Each structure stands twice: as C-alpha cells, then as structure tokens.
Amino acid sequence: MRDVGERLRHGEQVCLVTTQAARLQEMLVEQQREWEDGGWEIGKLGSGVFVHGTLSEGWSLPGPPSSWTLYTDLEIFGWRQRRPTPAPAHRRETSEDERAIFLRGLKPGDYVVHVDHGIAIYEGLLRRSVGEVEREYLNLRYAGGERLYVPVDLVDRVSRYIGAGDVRPPLTRLGTLEWELARRQVRSAVQDLAGELLQLYAQRKLSMGHAFSPDTEWQRDMEGRFPFAETDDQLRALAEVKADMEAPQPMDRLICGDVGFGKTEVALRAAFKAVQDNKQVALLVPTTVLAQQHYETFRQRLAPFPVTVEMLSRFRSAREQEAIGQRLSRGNIDIIIGTHRLLSRDVGFKDLGLLIIDEEQRFGVRHKERLKHLRTEVDVLTLTATPIPRTLHMSLAGLRDMSVIDTPPKYRVPIKTYVVPYNKNLVRDAIRREIERGGQVYFLHNRVQSIYPVADRLRRLVPDARIGVAHGQLEENQLEQAMDDFFTGAYDVLVCTTIIENGLDVPNANTIIIDNAPLYGLAQLYQLRGRVGRSTRRAYAYLLYPRSQPVTWEARQRLQAIQEATDLGAGFRIAMRDMEIRGVGNILGDKQSGHIAAVGYDLYSRLLEQAVQQIRQAQGEWGQDGEQDGQQGGSTGTTVTTVTVDERLLTTPLVTLTLPLAAYLPEAYIPDDVVRLGVYQRMVQARTPDAVHALRRELRDRFGNLPEPADHLMTWLHIKILALGAEVRSITTTDDELMIRLPSSEQVRHRLARRFGRDQVVHVGNQFVRLNRGKLNGAWVEKLLAVLEVMQPGEL
C-alpha cells in the first residue's frame, strides 16, 4: 500500500485487480493523511482504480506519456485465487443416493430384509416368464429353502440386512406369523423412542441462544482471501451453518465430509463470524499435532484482522498454559484451539459463543458428557469424515442437522490402494518410487516399543532415504520438531504411530505404508489413508498384513472395504460399511439393539424416521420462536403424541400391473448384475414422468440405444408412476381387454366420462375402466397413458 501511494504521488496510473478490493480501500482510507493526494471516491484514489476480480499476475508499463502499474493478489498477498474449472458433465450421486445404493446395493450371498416377508439370503437376479410376459426378479431364499421372487419394480421393498452385531441372523419362515410379530414389537418400540428423541430435540429448539448478526464486509473480505475455488457442497454447508448461527436457537450441526474436502474452511468462516459478534470460539481437536496445524492455519488466514488466536495443548509449557487460561477467562483471546485440555474444569471463558469439534468419536465418555452439557448453551459445529453409528443414526433420522460435503476439490485424483502381505522388496520399491518423484512417505507402525528398530530396518533397506520418527511419547519439543522437519522436507520418510491420523495436511506426502493393517478399524484405516492424496498427484496406500498370522473374517472384511472404497468422497459409505461389519451396536440402548437385530438397521431406521415424522405432523412443527405451534405443556413445552406407524409409507405404494410387455434389462445390454440391479433401484426412486425420461436418456448415454425389453421397462415405469398419481391400485390384462380399477372418486369418473364418453374402445364403468385390446390393434399403450393422464389430480 505504501508503494501504491508513492506511485500515485508521482503521477502514475495504478490499477489494483484483487479479491480484497474493499479491504484495501479501507486500508488506504486509514492512511490517507500520509499522502498528499487525498479526497478519493469509492473505487478510485486520484489516478488509482480498484477492481474486484482476479488476474494471473501484474505488470508495469513505463512512460512516456504516462506510467501504468497493475497489481493483482499475487503481488499484494503472495497468492492468487485459483479459477474454477468446469465440472465434468456427469451425474454425481447425492448422499441420499449413496445411502440408498449402499443399503440396497446387493451381492449374491448377502442377507436382506423384505418389508413384508422378513430376512432372507439374496441369490441374484433371474428371468422368468409368466404367461406372455417375461420379466426379471430378485431371487430370495428363506428358511427351509423356500423361495420368493420379487419383481424388479418392487426392489425398494428389499434392503441389505445390518444387525446390532456381527452375528448372522436366522432366516424367516415363509407362511408363518414370526415376521409379523417381530415387526409389531419394533413398531411399538420405535413409537416410544421417537417420542423420547423428539422431546430431546424440542428441548434444544426451545432453549434460547445467541442469534449471530448477518455477514459483515469483513466476513466477505476474509472469505474472498480463500485461494481455492469453493465446491458447491462447501458453499451449501456454509450457508446452512450461517443460517443456524443467525437463528435464536443453539446450533447443533454435523458437517460430514471426506478427508481433505474443505470442512476446516467452513469451520474457520463460522469462527470468524462468531468473533465479529464479540463471542469466543473454541476448536476442540483429538491430537496435539492437529491442534498445532489448525493453529497455524487460523493464524495465517486471520492475520489481516484484529483477531487473537491461541493454542492450548502439551506443546505449551505449564506456565504458558496458565497464562493462556487467564487471558481466555478475561476475554483477551478470541479463538482458542486445543485438545481435550479445553474441557478441563479449570478452563473458563468470558463469553463462549461457538464450539467446533473435530472428529468427536476420538473423545472419551467423560469428555462427551461435558460436550453434552455445552450443547444446550452454545452453538456447536461437529466435523467428521466417518460419523460414528449413533451420530449417523440421529442424522439420518432427521433428529440432528447434517450437511454433507461430498464433492472433491478440483484436480483431486483417487488414491490407489493395495492390500498385500508384507514384502521388504515391495516396501523398498514403494519408498524409492515416491522419493524419486520428489515426494515423501509415511510408514505407520503403531507400537512405540518397536518403532525405532523398525526405523533402523528401513534405513538399512533404503540407505539413501532420510528417515525420522514421531510418536506420542516424545517430549513436546521433540514431537513438534519432528513434525516440523517432515513438513519442511527435512525427512523423506516419517516412521510414526497413529498420531498422524486426524487432519494432518502435508501435500508433498503421497505414499503411506501401514504395517499390520488388520489391527486397525475401518474408519481408522480410512482416516490414515486420507493423510495422502491431498494434492493433484496420484497417491498410493499399501496396507500390509503379516504372512505368518491368520487374518480374522472381520479384518478381511475391513481390508476389502477400504480397498473397494477408492472413489473420492467415500467416507459416508465407509461409515455405513463399518456398521455392516461390526453391527450398529448399542447406539440407542440394549433394548433398541435387540429390535435392530430383529428387523435390520435399514427397516428399523425407516420405521423410526416415519414415527418421528408422524408425531411431528400430529403435534405441529416447531415455530420460528422455538415453541410448538399450538401445543405447549410440561417443562419442555412438548406433548408427546402416540401414533401408529404406517409401513405403507416406508416404500413406494403398491400398484399391481399385469401388462403384456416383456420388460427387463437384458444381460447383453448391461452384463454386470450389480450395475443392472443399481439401475433397477434407481427406477423405483423415480416419481414423475420427467424422471423416467431423464433415466431413459441416461441409459442411452451410458449403454447405447435401448433394446425392446428395456424400452418396454421404461414404458412400464411410466404407466406405474401415472397409476400411482391417479391412486389406481391395479391394471390387469385379459386376452380381450385391459382393466383399470378406479379409485373411489366420483370426480375422476365424471372426467373420464366427459373425455371418453363416445370413444369406441374405452368403457367407463363404476369400478373399472375397460380398454378393448382387439380394437386398438396393438396401440393400447398410447390409449392407456391417455386415460391415466386424464385421471391425474388437477386435470380438467
């Protein structure tokens, strides 16, 4: 800014193209007395012009007649904002799609739950002919070898079984009452639980917190300094967080995003927003190393603003910790970043407004009780890549607010993952390959007692590699120095424990070797693998297991899951897969775990979610002031209403179609059974004719022109959607006619009579509409669609 002023005083033309135009104008206003050329207007200073925008770099053009200088963010701040590139033109599944794909994406041999018939084993897809109609069915095997063939248009009634533990469930006996009895018990249990959970939800809604102010100019300036292009998911999550903060009720939002997808940036912007209302912010992290990294990030990003950021961890001496505590209680610290030390009783705040928790599952029971107490008083933002079962369950049931960031940053590529037995030659080659391309390597060995012999073995294996060691039992200054040395490139290989697990960001480290990988949990393996692949380079993960020791079934399942989850943004599905392997456990108490085991997690969750929705509808939703609309009673202002869970609302309503169409996806068209089943699952999610047209276009784009059976399948789906919209429950076929069972609506019958009263092939009766197939000469599809269109609600 001094250089700009000097150039302006000497009569030069100066232009600043920057994302911080408003902030720089403000700085110039503050310093206007230092310069002789005062009295500028917005956007101008004498012969200086400010432009909000970005260019790659600046330049200087000497006179005569006049000299010109152009500044950009690169000259002013030392960085440039990266321009977004157009997103690839393909559909990316949302988190809801991913949940559906996971829960209902089946392989032969999987245990499944049919809403109406109970627990079975899925044995693949098969094609069967009934009369003149050939279709594809799900083949389910029940107890005693009995079979049920489920038409593919009813695939939403079948979901993968996830129990409360790793015990395999007994198969249901068809033709008995055992499944109905199990469902009846679960229906009663979820009604009680839904009332309890809604009471907790109501307490949070009724408690009053601080409503933060709308964004300021400083907020916009700070966000404009972000040197990357935000993803759509980041912007959506940020908007949801800000809306929660500006509401009078305390926020309790979960940000679920993959490692390296930008959760920290959302948290940083929320923290800055809170500070501008003179509130303090606490960022709670699971490890000392991560606290140090967040501390550096926050200080760097907020340096241009009058914000005081401090860190409380074992990297600080006892005297420093005491001084920080005193400054915090006096309100002299705006943002404090620390480990569980922040939850100690001797740490006090003058006016805490926002608590940010990074990876809540890493904290113990005592710490979580303290967090539970804080949740009723301040806004809480939780960040996670792989949510724990209870958190995931509460979020999916709609009882906790959740934002999902599942769009990867630009240019990010998936990590190549190998699960292999330990081989010293492979280890040597992996390390050398990474070093030769200028990168760095994590070698993870989680036993402090033997970590130094392992480091020595690697030094003998790769003599030219610079190898350092880091673990949690090092002295504070030694650990800090080891991590800093690795970050600055002094080491090629860091032999370390799981101290690196959460949030550590070293873009140049793009190979990780995990020794004895079967010892780790699935979510932990996913977090560890996420330490690499944080730049535009291809990253590699080697999960090693000992040749001499047997690997348990559960460990094999974990390793297979992490190897399969190579696509970007797989954290949400990893959490679901972890639940499948381990079971959901005691997420809602012992009693509820038994009910989950009886009917499976997916059906249980859908029953609970529907019970919650019905109770809300019966009571009235929450008003803007935090009170229930039209209801108040008891200490929480809620009245728990008992309702009967209607299972018909859990799936697409049933409509019986027997149409003279061979409707299926031929194996020659989509050879892979899993992909074909996935398309069938997508079909049952379609709710409108437009969705059917979109699905037809997608099939054509992905697999080519539709063969006749696939085209018939899309027609079948179109007819089914229109029938559901008209509340038709059956369309049946005889040799001579098609019969549509009418709903009990005189208005519909009158519309049909007016439209088709003189039609020679359509007869409108009291209970049925009959179409004469013989007179239609094969054109019955168009006529049937025309009749169903007239029956749609709102048709004149």
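**Exercise 1. Describe how helix H16 is placed against helix H17.**

Solution. Step 1: in this predicted model, H16 passes H17 in a crossing that is right-handed. Step 2: the packing angle is about 35°, and the axes of H16 and H17 (residues 553-564) lie 9 Å apart. Step 3: the contact is formed by Leu-522, Leu-525, Tyr-526 and Arg-529 on the H16 side, which meet Arg-558, Leu-559, Ala-561 and Ile-562 of H17.

**Exercise 2. Determine which residues of the largest nonpolar core touch the most other members, and which helix gives the most to this core.**

Solution. Step 1: the largest nonpolar core holds 69 residues, and those that touch the most other members are Ile-335, Leu-381 and Tyr-442. Step 2: the helix that gives the most to this core is H8 (residues 263-275), with 8 residues. Step 3: once neighbours within four places in sequence are left aside, the contacts of Leu-381 include Val-241, Met-251, Ile-255, Ala-267 and Ala-270. Leu-381 is also in contact with Arg-253 and with Leu-354, Leu-355, Ile-356 and Ile-357. Step 4: another core, of 65 residues, lies apart from this one, and Tyr-122, Leu-138, Val-158 and Leu-695 are among its members. As general background, nonpolar side chains in soluble globular proteins tend to be buried together.

**Exercise 3. Classify the orientation of H8 relative to H9, and name the residues that meet.**

Solution. Step 1: the axes of H8 and helix H9 (residues 288-301) come within 11 Å and cross at roughly 55°. Step 2: an angle of this kind makes H8 oblique to H9. Step 3: H8 passes H9 in a right-handed crossing. Step 4: from H8, the residues Thr-264, Glu-265, Leu-268 and Ala-271 meet His-294, Thr-297, Phe-298 and Arg-301 in H9.

**Exercise 4. Carry out the corresponding analysis for H6 and H8.**

Solution. Step 1: helix H6 (residues 217-224) packs with H8 at an angle of about 155°, and their axes are 10 Å apart. Step 2: angles over 145 degrees count as roughly antiparallel, and H6 and H8 are therefore roughly antiparallel to each other. Step 3: the crossing of H6 and H8 is right-handed. Step 4: H6 contributes Trp-218, Gln-219, Met-222 and Glu-223 to the contact, while H8 contributes Leu-268, Arg-269, Phe-272 and Lys-273.

**Exercise 5. Locate Asn-516 and Glu-727, and state whether each is buried, partly exposed or exposed.**

Solution. Step 1: most residues other than glycine have a negative phi. Step 2: Asn-516 has a positive phi, near 55°, and Glu-727, also not a glycine, has a positive phi of about 60°. Step 3: Asn-516 is found in the loop between strand E22 (509-514) and helix H16 (522-529). Glu-727 lies in the loop between helix H23 (708-725) and strand E25 (730-733). Step 4: the relative accessibility of Asn-516 is 23%, so this residue counts as partly exposed. For Glu-727 the value is 54%, and Glu-727 therefore counts as exposed.

**Exercise 6. State the count of disulfides, and decide whether Cys-15 and Cys-496 are buried or exposed.**

Solution. Step 1: a disulfide requires a pair of cysteine sulfur atoms within 2.5 Å, and by this rule the count comes to 0 disulfides. Step 2: buried means under 20% relative accessible area. Step 3: Cys-15 has a relative accessible area of 13% and is therefore buried. Step 4: Cys-496, at 0% relative accessibility, also counts as buried.

Terms used:
Residues numbered from 1 in each chain as written. Predicted model: local features only at pLDDT ≥ 70, side-chain atom pairs only at ≥ 80, totals over all residues. Heavy atoms only, no water. Core = buried A, V, L, I, M, F, W, Y, C linked by side-chain atoms within 4.5 Å. Buried < 20%, exposed > 50% of the residue type's maximum accessible area, 1.4 Å probe, protein only. Helix = DSSP H or I, 4+ residues; strand = E, 2+ residues; numbered from the N terminus. Contact = heavy atoms within 4.5 Å. Axes fitted to C-alpha atoms, helices over the stretch in contact; angles between N-to-C directions. Parallel < 35°, antiparallel > 145°, perpendicular 65-115°, else oblique. Left-handed = near helix turned anticlockwise from the far one by under 90°.
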